[in-house]
Amino acid sequence: MDLHTMTQSLVTLAEDNMAFFSSQGPGETARRLTGVFAGIREQALGLEPALGRLLSVAHLFDLDTETPANGYRSLVHTARCCLAHLLHKSRYVASNRRSIFFRTSHNLAELEAYLAALTQLRALAYYAQHLLTTNQPGRLFFEGDERVIADFLQEYVTLHKGCFYGRCLGFQFTPAIRPFLQTISIGLVSFGEHYKRNETGISVTASSLFTGGRFAIDPELRGAEFERIIQNLDVHFWKAFWNITEIQVLSSLANMASTTVRVSRLLSLPPVAFEMPLTSDPELTVTISPPLAHTGPGPVLVRLISYDLREGQDSKELSSFVRSEGPRSLELRLRPQQAPRSRALVVHIHGGGFVAQTSKSHEPYLKSWAQELGVPILSIDYSLAPEAPFPRALEECFYAYCWAVKHCALLGSTGERICLAGDSAGGNLCFTVSLRAAAYGVRVPDGIMAAYPATMLQSTASPSRLLSLMDPLLPLSVLSKCVSAYAGAETEDHPDSDQKALGVMGLVQRDTALLLRDLRLGASSWLNSFLELGGQKSHLKSVPKTEPMRRSVSEAALTQPEGPLGTDSLKSLKLHDLGLRNSSDTTDTPELSLSTEILGSSAPSTVNFLLGSEDESEVSEAPEELNSKDRVRGVGSAFPEGFHPRRCSQGAMWMPLYSAPIVKNPFMSPLLAPDSMLQTLPPVHIVQGSPTSGS
């Protein structure tokens with residue numbers, strides 16, 4: 001059904017229901033039902049032209065004709081889902097309103113919830129229009145007068161969000177995933193109530209289960225509490241919540257239900273420098289130094305997973321790196337003989353917003369990958385923010401990757417094909433590790449599999465980031481706090497950081513496993529085709545083909561005309577500006593320094609995903625100066641006269657108006673890397689998480 005037909009059908013039904021309930025007398029319920037259908041009619045009629053204008057230009061931001069997808073289309077899709085649900089519910093009410101079995105209170109509550117969501121979506125549509133008119137033509141990410149966008153976004157973040165986390169939770173997704181999202185949200189708000197309390201063990205479990213039941217039967221209360229949590233609790237709360245699956249009891253249960261593998265060993269790589277050959281001339285070498293940033297030299301932990309015991313994996317040399325985890329480090333099942341070395345190796349980097357999780361919580365699906373692919377997997381346990389901000393994680397991942405390339409025989413692989421794989425923050429590190437390998441002149445991976453990677457951490461606005469207002473797993477404020485922590489910004493005081501609520505989140509663990517299973521199936525399929533060992537033998541190239549990468553991200557974000565407000569000002573960084581000295585220009589060993597002397601000060605400063613930087617040296621002046629009065633008028637003009645979206649009742653969100661220039665560094669935001677650096681990337685396969693996750 002097209003947008004106009006859907007809107008007209010909804011308006012007709014709303015008017016019919018209004019007429020019916022207005023004739024039912026002066027009762028409170030009838031009055032509210034009449035009011036809610038009047039509101040649905042008003043919002044639907046107001047939303048249709050706004051969505052129509054977005055659809056008329058959405059095709060301009062598509063990657064190509066075969067890929068009709070971008071943030072504007074996602075916003076329209078989300079609004080259509082809300083309209084479709086209201087249309088279905090209005091038809092149900094019209095058909096059953098005279099029945100004695102008609103649940104008046106239940107249907108009224110659902111209609112009011114979806115009316116609130118429709119109102120907020122109308123506001124987002126107006127904001128998207130404002131972004132279109134304010135931004136330069138053809139650009140997804142805003143690059144205009146930062147004072148205008150700062151005012152615009154400061155007003156935007158005050159929108160009410162609780163309606164998206166109650167009855168309407170996950171309405172824009174397939175029904176199959178909604179129970180999972182409900183379980184996560186109930187677990188989150190229950191965990192939030194007991195966070196930092198002096199409770200442990202069984203008492204927290206009992207309290208969480210009791211509270212969880214209350215939130216399960218009261219969606220409005222759940223939505224309000226969810227909004228309070230995402231706006232007021234610091235990054236340490238999210239670190240504790242996301243690390244629930246790291247609890248020994250849960251991780252043991254997950255491993256009992258996962259694929260049985262012969263090898264699962266935690267290795268500790270000592271901080272010792274070693275030499276790597278250059279791809280341009282294997283007779284020359286470059287020194288790979290151990291991680292140094294922030295905390296000085298230290299070991300890097302990695303986890304080796306292999307379905308079969310392969311040659312080299314039980315060697316004395318590898319055993320010298322083993323860090324004991326207990327009896328499950330090496331499962332000694334009788335086998336006739338060792339399997340030969342695999343011709344491929346997967347180096348995995350886990351996600352977690354740069355602040356949480358380890359390879360242990362990702363081990364269940366990695367074991368399945370190891371079985372299905374028939375290759376060993378090395379998962380890196382990098383140091384986490386805010387204790388270890390950028391570039392510590394990048395240094396550790398790069399060091400571990402180079403160590404794996406050099407010692408692949410110990411890992412049970414010949415190393416003919418090496419693939420990087422990661423999700424979310426891990427996807428970001430896959431890209432930056434590959435860029436750093438190319439900058440050093442050492443072997444780059446043969447491919448990258450990145451699941452919903454974070455490729456642009458710079459503070460700016462885009463249509464899909466407007467949709468992060470309602471993201472059920474990683475809302476806007478949480479993104480901002482994670483990026484702040486990774487960038488080295490100051491975080492809120494947390495004197496009791498060692499004290500964590502330890503509630504057993506069995507439902508969360510179960511449904512997380514289901515989500516990871518779906519991700520595993522898709523990612524494993526691509527990895528299997530990529531690592532296929534039949535056919536021609538792969539060979540290294542000094543400059544791998546870049547077309548797969550270019551077709552995996554929006555051309556509107558990568559290929560932009562030159563101009564005073566274009567991204568060329570951001571891409572003008574040369575390799576030598578990043579501390580790289582190419583071996584073709586000097587006889588010294590190529591180096592790449594990510595020190596504060598080269599990247600600029602990383603003194604504590606707050607990073608915000610949306611709000612622009614005040615660093616005037618990074619931003620060209622707008623063609624026309626706008627005074628304060630003009631800017632305020634421009635923000636207010638986003639809404640038509642008479643329309644008032646719902647505002648947040650939880651107080652001002654922690655959303656400062658300045659950001660750290662370090663987030664513009666291409667080794668933090670790889671999408672901002674110069675084209676000369678992007679051309680060094682190997683073939684890339686990107687897995688999108690949802691219709692609202694892409695720009």
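Contact here means heavy atoms within 4.5 Å. Keep that in mind for the close-ups below, which all come from a predicted model.

**View 1. Helix α13 lies across five strands, β1, β4, β5, β6 and β7.** This helix covers residues 392–406 and runs at about 155° to β6. Helix α12 (residues 359–373) also lies across the sheet, touching β1, β4, β5, β6, β7 and β8. Against β4 (300–306), α12 runs at about 35°.

**View 2. Seven strands make an open sheet with mixed pairing.** Read across the sheet, the order goes β1-β4-β6-β5-β7-β8-β9. Out at the edges you'll find β1 (263–269) and β9 (684–687), each with a single partner strand, so one side of each has no neighbour in the sheet. From one strand to the next, the twist averages 20°.

**View 3. Strands β5 and β6 pair in the parallel sense.** Let's zoom in on this pair. Strand β5 takes up residues 342–349, strand β6 takes up residues 377–381, and four bridges join them. Which residue of β6 is the bridge partner of I349? That would be I380.

**View 4. Helices α1 and α3 pack in a left-handed crossing.** When two helices pack, we describe them by the angle between their axes and the distance between the axes. For α1 (residues 3–22) and α3 (residues 71–96), the angle is about 35° and the axes are 9 Å apart. On the α1 side, the residues that meet α3 include L3, M6, L10, L13 and F21. Their counterparts in α3 include L83, L86, L87 and V93. Sort the residues of this contact by class and you get 11 nonpolar, four polar and three charged.

**View 5. Helices α2 and α4 also pack together, with their axes 9 Å apart.** Here α2 spans residues 28–58, α4 spans residues 104–134, and the angle is about 30°. Angles under 35 degrees count as roughly parallel, and α2 and α4 are therefore roughly parallel to each other. The crossing of α2 and α4 is left-handed. In this contact, 19 residues are nonpolar, seven are polar and five are charged.

**View 6. F354 and Y486 form a stacked pair of rings.** The count of aromatic pairs comes to 21. Why is the pair of F354 and Y486 called stacked? Planes under 30 degrees apart count as stacked, and these two planes sit at 10°, with the ring centres 3.8 Å apart, so the pair fits. F354 is in the loop between β5 and α12, while Y486 is in helix α16 (residues 476–486). The pair links distant parts of the chain, 132 residues apart.

Definitions and conventions. Residues numbered from 1 in each chain as written. Predicted model: local features only at pLDDT ≥ 70, side-chain atom pairs only at ≥ 80, totals over all residues. Heavy atoms only, no water. Axes fitted to C-alpha atoms, helices over the stretch in contact; angles between N-to-C directions. Helix = DSSP H or I, 4+ residues; strand = E, 2+ residues; numbered from the N terminus. Left-handed = near helix turned anticlockwise from the far one by under 90°. Nonpolar A, V, L, I, M, F, W, Y, C, P; charged D, E, K, R; others polar. Pairing = 2+ DSSP bridges. Parallel < 35°, antiparallel > 145°, perpendicular 65-115°, else oblique. Phe/Tyr/Trp six-rings, centres within 6.5 Å; stacked < 30°, edge-to-face > 60°.
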